[in-house]
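Below are my notes on the model, as numbered points. Please read them alongside the coordinates.

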Amino acid sequence: MRLHFLFPLVFILFAHAVISSDSEFKMETLAEGLDHAWGIAVVSDNEILITEGVGRLRRIVDGQLDPVPIKGIPPVFLYPDDLTQGGLCDVALHPRYNENQLIYLSFGEADKDDPSLNAMTVVRGRLEGHNLVDVQQIFKAEPPRKTAAHYGARILFLGDGTMLITSGDGFNYRDQAQTLDNHVGKIVRLNDDGSIPDDNPFVGIKDALPDIWSFGHRNPTGMALGNDGMTIFEHEHGPKGGDELNIVNIGKNYGWPLITYGLDYSGSLITPFTEREGLEQPIKYWVPSIAPSALAIYQGDMFPDWKDNLFITAMVPGDLRRLTIIDNKVVGEEIMLSELGRLRNVVNSTDGSLLVATDGPDGKIIRLYKD
Amino acid sequence: MAKKFVIFISIVILVMTLFVIQTTASYIQYLYQMGMPVDFSVFLSAVWSDLIGMNFHGVLPPIALVISVVLGVAFLVAHLILKRIPVEKKYFYAFAGASGMFTLVTLFPALIYDLEMYRGALSLLGKGYLTATGALGGYIFGLNLPRQS
């Protein structure tokens, strides 16, 4: 009887052992010299697309980086040549890419009427050899903003063929994340051609943009569909502390900037509140910040221990986080690859390996695999 | 000299407090408009948190240090000019304080890609208020300087 108090201790130790069971993996560098790699799309067993912030779309074929960038990419807004944020961001494949060769790109685009302004924009185009053709804009965040920060810009296709696009708060415009007449701090849902699905939550609502799916976000740069095909995981940068991992549901308000676990960069509060009825709570938050940059849910068979785990690349101090989720709760977190510096992206590859992009002007694509 | 220093420190504390109050008021007002449960006690508690936070918990340099540098440079320049031009001190120091704070709230964002790091300076009204705190600080500084200076 006296030993009963040991059971929880044994359980905790056992749980920790499971969580930190670091599967042996090897690393190989697939590409290097990438100027601020951001988006990665795995086309096939031997082809990968990568965006560079400077506005280039690159291709790795058979493990070799093609030295010639793909032509036809629209000009991107860089302010002024700063690549810590913005530029060319995500690349996503159409769900029927093998039939139509359509890809989607997100980026900051200068406003045509006032070049000092810019807006997060998504285009789609057809990939023909080394050229992107038939490029058409399918989304532009409104209103345009002066700042070159907090774009969001992640693209995710859902099982029904519609797509979610994250749109950040532009840093200076946080208050607008709570109103529905703009795209500041929103996730929008569109059909593959940019039209608006009839079953979006705010269709027909006065003063609300019909493409909005959820709101109250800050800078959501990571999004992934759970292996159940239903659960949408999203993470967003908090301010100083308060990075969040959320499960995004239709029409919900995620609270920014009414509630947060972070402080403003000046050290002041943003709000005294961390929770409020009607505002969604994150399933996990980080204080201090880890600057989460991308999110993938492991789908392969190469690492059975990793099945259904969430992988988050972090830029501060720079590592890969493996999160174990049970019943939509985070029950474990392992820190990996802390020797590689700032990490920008992580995606599943077709063979069960993981691809990780490092940040910076000499970015690399690194493959995690085992024999 | 010691008296000047005490006056200067007092002015920095005054301007810093007004700066922090403006910062707090700007987000508390927004939260109130959005239906969050804020009242005067929440406001006071937030002002206290911000006084501590903006001096010890920020990514930016402590606000007291920033204001010391801004007003210190502004008053030094004013002092040098006043040696040559006979102008009423309290008004000239008020102008200098306002110029310093105006520079802070306009130039600082321009240096970091237009990002407004100080919530209180986000709006034009906020920038005007913070500029006015500099003017007030300068005016009091000029008013209290020893006569021989």
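1. In this predicted model, 24 residues of chain A are in contact with 27 residues of chain B, contact being C-beta atoms, placed from the backbone, within 7 Å. The chain A side of this interface has eleven nonpolar, seven polar and six charged residues. Here Ala, Val, Leu, Ile, Met, Phe, Trp, Tyr, Cys and Pro are nonpolar, Asp, Glu, Lys and Arg charged, and the others, Gly among them, polar.

2. Residues are numbered from 1 along each chain as its sequence is written, and chains are lettered from A in the order in which they are written. Local features need pLDDT of at least 70 and side-chain atom pairs 80 or more, while totals for chains, interfaces and linings use all residues.

3. The largest nonpolar core (buried Ala, Val, Leu, Ile, Met, Phe, Trp, Tyr and Cys joined through C-beta atoms within 7 Å) has 87 residues. Buried means 20 or more other C-beta atoms within 10 Å of the residue's own. A:Leu105, A:Ala296, A:Val346 and A:Val356 have the most contacts inside this core. Strand β8 of chain A (residues 118-128) gives the largest share, five residues; strands are DSSP runs of E, at least two residues, numbered from the N terminus.

4. Beyond four places in sequence, A:Leu105 touches residues including A:Ile73, A:Leu88, A:Val122 and A:Val123.

5. A second, separate core has 34 residues, among them B:Val20, B:Ile63, B:Tyr129 and B:Ala135.

6. Across chain A, 48% of the 371 residues are buried. The C-alpha trace of chain A spans about 75 × 50 × 40 Å along its principal axes.

How values were computed
Contact = placed C-beta atoms within 7 Å. Buried ≥ 20, exposed ≤ 12 C-beta atoms within 10 Å, placed from the backbone. Helix = DSSP H or I, 4+ residues; strand = E, 2+ residues; numbered from the N terminus.
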